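Reader: Could you take me slowly through one part of this model, starting from a single residue and working outward to whatever surrounds it? I would like a connected account rather than a list.

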Amino acid sequence: VLYTAIGQLLTHGVSGPKRIIVLPAGEPIAPDFQEAFDQHDIAVRRFEVVAARKVKRVTLLPSEN
C-alpha cells in the first residue's frame, strides 16, 4: 500500500503545493520508506481513530516534519 501511495504522490503531486502521506498513529515507518519520504519531500501526517460508544472519530495529529 505504501508503494502505491508514494507512486500516486509522485505522479499526481508533481504540480501540487506539498506532498503529504497520512498514516495510522503508532505504526512504525521502515527506514527505507522514511528515506523515500525524505528524499521526495513527502510530509508524514498521522491519524488515530477514537471510539466513543457507537461513534468513531478520526483525528489528524500534528505534522511530524
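Author: A strand here is a DSSP run of at least two residues labelled E, and strands are numbered from the N terminus. In that sense Arg46 belongs to strand E2, and this arginine is a good place to begin, with the reminder that the model is a predicted one.

Arg46 has a relative accessibility of 10% and is therefore classed as buried, since the limit for that class is under 20%. Its side chain makes contacts with backbone oxygens at two places in the chain. One is the backbone oxygen of Pro24, which the side chain of Arg46 reaches at 2.5 Å; the other is the backbone oxygen of Glu27, which lies 2.7 Å from a polar atom of the Arg46 side chain. Arg46 also has Val22 as a spatial partner, for although 24 residues separate the two along the chain, their C-alpha atoms are 5.4 Å apart.

Val22 takes us to strand E1, where this residue is placed. Unlike the buried arginine, Val22 counts as partly exposed because its relative accessibility is 44%. Val22 joins Ile20 and Leu60 in a nonpolar patch on the surface, and these three residues together have about 250 Å² of accessible area.

Strand E1, spanning residues 19-24, also contains Arg19, and that arginine can be set beside Arg46. Arg19 is buried and yet has no salt bridge, the nearest side chain of opposite charge being that of Asp41, at 6.7 Å. A salt bridge would need a side-chain nitrogen of the arginine within 4 Å of a carboxyl oxygen, so the distance to Asp41 falls outside that limit. What the Arg19 side chain does have is a polar atom 3.0 Å from the backbone oxygen of His40, just as the side chain of Arg46 has a polar atom 2.7 Å from the backbone oxygen of Glu27.

Asp41 itself sits in the loop between H2 and E2. With a relative accessibility of 54%, Asp41 counts as exposed, and its phi is near 55 degrees, a positive value in a residue that is not glycine. Beyond strand E2, the loop that leads to strand E3 (55-60) holds Arg53, whose phi of about 60 degrees is also positive although Arg53 is not a glycine. Arg53 counts as exposed because its relative accessible area is 88%, whereas Arg46 is buried.

Returning to strand E2, we find Val44 there as well, and Val44 is buried, with a relative accessible area of 1%. Val44 is one of the nine residues of the largest nonpolar core, the others being Ile6, Leu9, Ile21, Leu23, Phe33, Ala36, Phe37 and Ile42. Helix H1 (2-12), strand E1, helix H2 (31-39) and strand E2 (42-52) are the elements that give two or more residues to this core, and H2 gives the most, with three. In soluble globular proteins, nonpolar side chains tend to be buried together. For a sense of the distances involved, the C-alpha atoms of Val44 and Gly7, 37 residues apart along the chain, are separated by 15 Å.

Finally, the wider frame. The protein has two helices and three strands, which follow one another from the N terminus in the order α-β-α-β-β. Its C-alpha atoms fill a box of roughly 40 × 25 × 20 Å along the principal axes. Of its 65 residues, 20% count as buried, and Arg46, Arg19 and Val44 belong to that class. At the start of the chain, in the segment before H1, lies Val1, which counts as exposed because its relative accessibility is 89%. The C-alpha atom of Val1 is 23 Å from that of Lys56, a residue 55 positions away in sequence.

Note on methods. Residues numbered from 1 in each chain as written. Predicted model: local features only at pLDDT ≥ 70, side-chain atom pairs only at ≥ 80, totals over all residues. Heavy atoms only, no water. Helix = DSSP H or I, 4+ residues; strand = E, 2+ residues; numbered from the N terminus. Buried < 20%, exposed > 50% of the residue type's maximum accessible area, 1.4 Å probe, protein only. Lys, Arg positive; Asp, Glu negative; His and termini not counted. Polar contact = N/O pair within 3.5 Å; in protein donor to acceptor, adjacent residues only side chain to side chain. Patch = residues over 30% accessible without salt bridge, like charges linked within 9 Å, V, L, I, M, F, W, Y side chains within 5 Å. Areas by Shrake-Rupley, 256 points an atom, 1.4 Å probe, with all protein chains shown as cover. Core = buried A, V, L, I, M, F, W, Y, C linked by side-chain atoms within 4.5 Å.
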